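Student: Hi! I have a new protein model open and I'd like to talk it through. Can we start with the overall layout and then zoom in?

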Amino acid sequence: RVKRAMSLVDGQDWDAMEFAAREESWQSSRRSHLTCLSCGEPAFFRAESNDRRPSFGARHNSNCTVVARAPWSVFKYLQ
């Protein structure tokens, strides 16, 4: 899950919680115009549900830093 995405409508970087707080008509006008901040691939908004917070998703390209694993990430599992 991604917490931020770019709206091509207003050129603004949006936090998922802020996006979710806006009225439905406002969200609808931007939902099909969202992109990943890192790779620029099309993104989408996931509304809040019973067991999850609002978030953005995307089909990131292979070079996207949002989904790339840092070489040191294995250490978090060793602690």
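Student: What pattern does the protein follow, read along the sequence?

Tutor: The pattern is β-β-α-α-β-β-β-α. In total there are three helices and five strands. Helices (H or I, at least four residues) and strands (E, at least two) are DSSP runs, numbered from the N terminus. One thing to keep in mind early on: this is a predicted model, where local features need pLDDT of at least 70 and side-chain atom pairs count only at pLDDT 80 or more, while totals for chains, interfaces and linings use all residues. Residues are numbered from 1 along each chain as its sequence is written, and side-chain values use heavy atoms, with hydrogens and water left out.

Student: Okay. How much of the protein is buried residues?

Tutor: Buried residues make up 29% of the 79 residues. Buried means under 20% relative accessible area, exposed over 50%, and partly exposed in between (1.4 Å probe, protein chains only).

Student: Which residues touch the most other members in the largest nonpolar core?

Tutor: They are Trp14, Phe19, Leu34, Cys36, Phe45 and Phe56, out of 14 residues in that core. A nonpolar core is a set of buried Ala, Val, Leu, Ile, Met, Phe, Trp, Tyr and Cys residues joined through side-chain atoms within 4.5 Å. Helix 1 (16-21), strand 4 (42-46) and strand 5 (55-58) are the elements that give two or more residues to this core.

Student: Take Leu34. What is it in contact with, leaving aside neighbours within four places in sequence?

Tutor: Leu34 is in contact with Met6, Ser7, Phe19, Glu41, Pro42, Ala43, Phe44, Phe45 and Phe56. Contact means heavy atoms within 4.5 Å.

Student: I see plenty of rings in there. How many aromatic pairs does the count come to?

Tutor: Six. Rings of Phe, Tyr and Trp (its six-membered ring) pair if their centres lie within 6.5 Å; planes under 30 degrees apart count as stacked, over 60 as edge-to-face and the rest as tilted. One of the pairs is Phe19 with Phe45, which is tilted, at 4.8 Å centre to centre with 50° between the planes. This pair links distant parts of the chain, with Phe19 in helix 1 and Phe45 in strand 4, 26 residues apart.

Student: Are Phe19 and Phe45 buried or exposed?

Tutor: Both are buried. They also belong to one aromatic cluster with Trp14, Trp26 and Phe56.

Student: What lies over the face of Trp26?

Tutor: That is Arg22, at 4.3 Å from the ring centre. A charge sits over a ring if NZ of Lys or CZ of Arg is within 6 Å of the ring centre and within 35 degrees of the ring normal.

Student: New topic: Ala5. Where is its place?

Tutor: Ala5 is in strand 1 (residues 4-7).

Student: Why does Ala5 count as buried?

Tutor: Because its relative accessibility is 1%. Not counting residues up to four places away in sequence, Ala5 touches Gln12, Asp13, Trp14, Thr35, Leu37 and Phe56. Ala5 and Cys36 are 31 residues apart in sequence, yet 5.3 Å apart in space, C-alpha to C-alpha.

Student: And empty space? What volume does the largest cavity have?

Tutor: About 40 Å³. The lining includes Ala5, Cys36 and Ala58, and strand 5 gives the most to it, with three residues. On a 1 Å grid over the protein atoms alone, a cavity is a set of points where a 1.4 Å probe fits but cannot get out, and lining residues have an atom within 4 Å of a point. Grid points are joined across faces, edges and corners, and a volume is the space filled by probe spheres set on the points.

Student: You mentioned Ala58. What does it touch?

Tutor: Setting aside residues up to four places away in sequence, Ala58 touches Cys36, Pro42, Ala43 and Phe44. Ala58 is in strand 5 and is buried, because its relative accessible area is 19%.

Student: Last one: where is Ser38?

Tutor: Ser38 is in the loop between strand 3 (34-35) and strand 4. With a relative accessible area of 34%, Ser38 is partly exposed. Its contacts, not counting residues up to four places away in sequence, are Cys64, Thr65 and Val66.

Notes. 1 Å grid on protein atoms, 1.4 Å probe; cavity = no way out; pocket = protein on both sides within 12 Å on 5 of 7 lines; lining within 4 Å.
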